[in-house]
Amino acid sequence: MTKTTARPTGRPADRRPAGRGAAPAPQPAPEQPPRADTDALRIGAFLLSAQFPGQSHAEALERTVSAALTAERVGLDAVWLAEHHFVPYGVCPDAATLAGVLLGRTRRIGVGTAVSVLSTRHPVALGEQAALLHLTSGGRFTLGVGRGGPWIDLAVFGGGLEAYEQGFPERLDLLLRWLRGARVGGSGPQFDFPEVAVVPRAAEPARRPDLTGWLGLDGAAAAVIPRQRQEPSPQPQSGPPVVMACTSPAGVRTAAERGLPMLLGMHSGDEDKRDMLAAYRSAWRAAGRGEEQLARVEREHVAAGVVQVDDRAGAARASLLRTMPDFFAYGLGAHRTVDGRERSMRDPRAYTELLCDLHAVGTPRQCADRLLATAERTGIRRFALLAEGSGDTAATLHNLDRIGDEVLPQLR
């Protein structure tokens with residue numbers, strides 16, 4: 001099985017389509033963003049658990065589980081699970097719980113949340129979940145966190161609008177103390193409690209368990225299962241990796257000041273990503289953090305996107321335009337604000353067109369080139385790509401098969 005071993009150092013001449021003439025004279029290379037090194041690209045699947053019109057909740061969740069198993073089989077690096085409440089845009093209400101299911105069903109692929117919403121969760125409860133998943137999966141779990149939106153969820157779970165507008169930094173800091181410490185107390189306006197022991201302690205070194213017997217595999221069967229992801233980043237004493245969704249300058253500063261990698265949204269183009277990465281570096285240096293650590297953290301930024309593979313670019317685009325506008329209208333249109341404020345919504349078709357323009361939608365070659373171009377322009381090495389845009393389980397699994405068979409081999 002092919003591994004994602006891309007080294008995006010430009011588009012060599014021998015990659016031009018067959019039958020064309022000699023390569024044009026070399027042009028001066030554009031200025032590149034700072035890069036720590038030429039690490040391999042890590043391609044993951046972003047799984048919304050989207051309920052397309054006419055589907056049941058069970059069908060959406062079953063598609064997510066099947067897609068995760070397929071992603072491991074075809075050699076993707078990770079699956080990233082979304083979390084939503086009360087809307088068909090995503091019917092997984094607890095990404096960490098679903099991560100536990102998938103970690104138990106897989107053997108090698110990384111599983112992350114994209115994201116667990118801190119505005120509606122107690123940070124200690126989420127920290128306990130994350131530690132449990134980290135320690136029992138051999139370090140395959142990544143905790144992605146974000147503040148979510150001003151939705152009715154805030155009223156249902158009791159945090160209120162203040163938890164969204166002002167409370168995220170306190171919640172994040174408490175979560176990080178829990179994941180990295182041995183004893184933690186709360187002394188803030190939202191969480192005030194006496195010091196208690198952290199159990200289980202996530203900062204213990206993760207052990208990689210041998211699940212061969214538990215899965216009913218003998219030695220011969222285990223030997224033929226290919227190695228399907230890159231070695232995890234060396235964080236032996238730091239607990240589960242944590243990434244933070246960033247959509248604003250304030251969010252970028254919050255992530256940089258705490259040394260957390262960013263998760264950048266699907267709506268961001270390469271120029272937007274470059275601007276956010278530049279702002280991150282500025283905030284990092286203003287916080288007095290060192291350059292060596294910055295280089296390590298920058299390898300862990302994640303860019304969300306869309307991927308749809310077809311033999312013709314027009315067919316890939318048409319596939320998404322048939323399904324995603326109705327899905328966006330149906331799923332995003334169901335959001336209710338917590339305080340009745342007016343909310344604006346992107347035009348569903350225009351948004352689908354934008355995603356097709358920004359991301360890996362087209363032939364296998366075009367998809368690979370799109371990912372390599374983003375890596376060159378931004379320095380980002382990790383991708384979480386939405387592969388279920390067709391809304392159909394069989395088509396989603398076929399899309400993932402083509403990514404593994406036809407796109408990953410071109411990322412060398």
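Phe 86 lies in the loop between β2 and α2. Its phi is positive, about 70°, although the residue is not a glycine. The model that gives this value is predicted. Phe 86 counts as exposed, because its relative accessibility is 51% and the exposed class begins over 50%.

Ser 49 shows a positive phi as well, of about 55°, and is likewise not a glycine. Ser 49 sits in the loop between β1 and α1. Its relative accessibility is 0%, so Ser 49 counts as buried. A positive phi also appears after α1, where Gly 75 follows the helix with a value near 100°.

Two cis peptide bonds were found in loops. One runs from Ala 114 to Val 115, with omega near 5°. Val 115 belongs to the loop between β3 (110-113) and β4 (116-117). Another runs from Val 199 to Pro 200, with omega near -10°. Pro 200 belongs to the loop between β7 (192-197) and α7 (219-223).

These local features belong to a chain of 412 residues, of which 52% count as buried. The chain holds 14 helices and 12 strands. Contacts between residues at least 6 apart in sequence were also examined, and 76% of them join residues at least 24 apart. The exposed area of the chain is about 18200 Å², with 52% of it supplied by carbon and sulfur atoms.

Helix α1 spans residues 57-74, 18 residues in total. From first C-alpha to last, α1 reaches 26 Å, close to the 26 Å expected at 1.5 Å a residue. Many positions along α1 are listed as buried, including Ala 60, Arg 63, Thr 64, Ala 67, Ala 68 and Ala 71. The buried set also takes in Val 65, Thr 70, Glu 72 and Val 74. An α-helix has 3.6 residues a turn, so residues three or four places apart point the same way. In α1, Ala 60, Thr 64, Ala 67 and Ala 71 are among the buried residues. The cover over the buried residues of α1 includes two strands, β1 (42-47) and β2 (78-81). It also includes two helices, α2 (95-105) and α14 (393-407).

Ala 58 is also part of helix α1. With 41% relative accessibility, Ala 58 counts as partly exposed. Its C-alpha is 8.9 Å from that of Val 91, although 33 residues separate the two in sequence.

Helix α2 packs with helix α3 (residues 123-136). Their axes come within 10 Å and cross at roughly 10°. The two helices are therefore roughly parallel to each other. On the α2 side, the contact is made by Ala 96, Thr 97, Ala 99, Gly 100 and Leu 103. On the α3 side, Leu 126, Gln 129 and Leu 133 take part. By class, this contact has five nonpolar, three polar and no charged residues.

A crossing at another angle is formed by helix α13 (residues 364-378) and α14, at roughly 80°. The axes come within 10 Å. α13 and α14 are therefore roughly perpendicular to each other. Pro 364, Cys 367, Ala 368 and Leu 371 of α13 meet Arg 402, Glu 406 and Val 407 of α14. Five residues of this contact are nonpolar, none is polar and two are charged.

α13 also helps to cover the buried residues of helix α12, as do β10 (302-309), α11 (313-332) and β11 (360-362). α12 runs over residues 348-358. Its buried residues are Tyr 351, Thr 352, Leu 355, Cys 356 and Leu 358.

Val 117 lies in strand β4. Its relative accessibility is 13%, so Val 117 counts as buried. Apart from its neighbours within four places in sequence, Val 117 is in contact with Glu 83, Gly 146, Arg 147 and Gly 148. Pro 93 is 24 residues from Val 117 in sequence, and the two C-alpha atoms are 9.8 Å apart.

Notes:
Residues are numbered from 1 along each chain as its sequence is written. This is a predicted model: local features need pLDDT of at least 70, side-chain atom pairs count only at pLDDT 80 or more; totals for chains, interfaces and linings use all residues. Side-chain values use heavy atoms; hydrogens and water are left out. Helices (H or I, at least four residues) and strands (E, at least two) are DSSP runs, numbered from the N terminus. The expected span of a helix is 1.5 Å times one less than its number of residues. Buried means under 20% relative accessible area, exposed over 50%, partly exposed in between (1.4 Å probe, protein chains only). Contact means heavy atoms within 4.5 Å. Axes are lines fitted to C-alpha atoms, for helices over the stretch in contact, and angles run from 0 to 180 degrees between N-to-C directions. Angles under 35 degrees count as roughly parallel, over 145 as roughly antiparallel, 65 to 115 as roughly perpendicular and the rest as oblique. Ala, Val, Leu, Ile, Met, Phe, Trp, Tyr, Cys and Pro count as nonpolar, Asp, Glu, Lys and Arg as charged, and the others, Gly among them, as polar. Accessible areas come from the Shrake-Rupley method with a 1.4 Å probe; for residues, only the protein chains shown count as cover.
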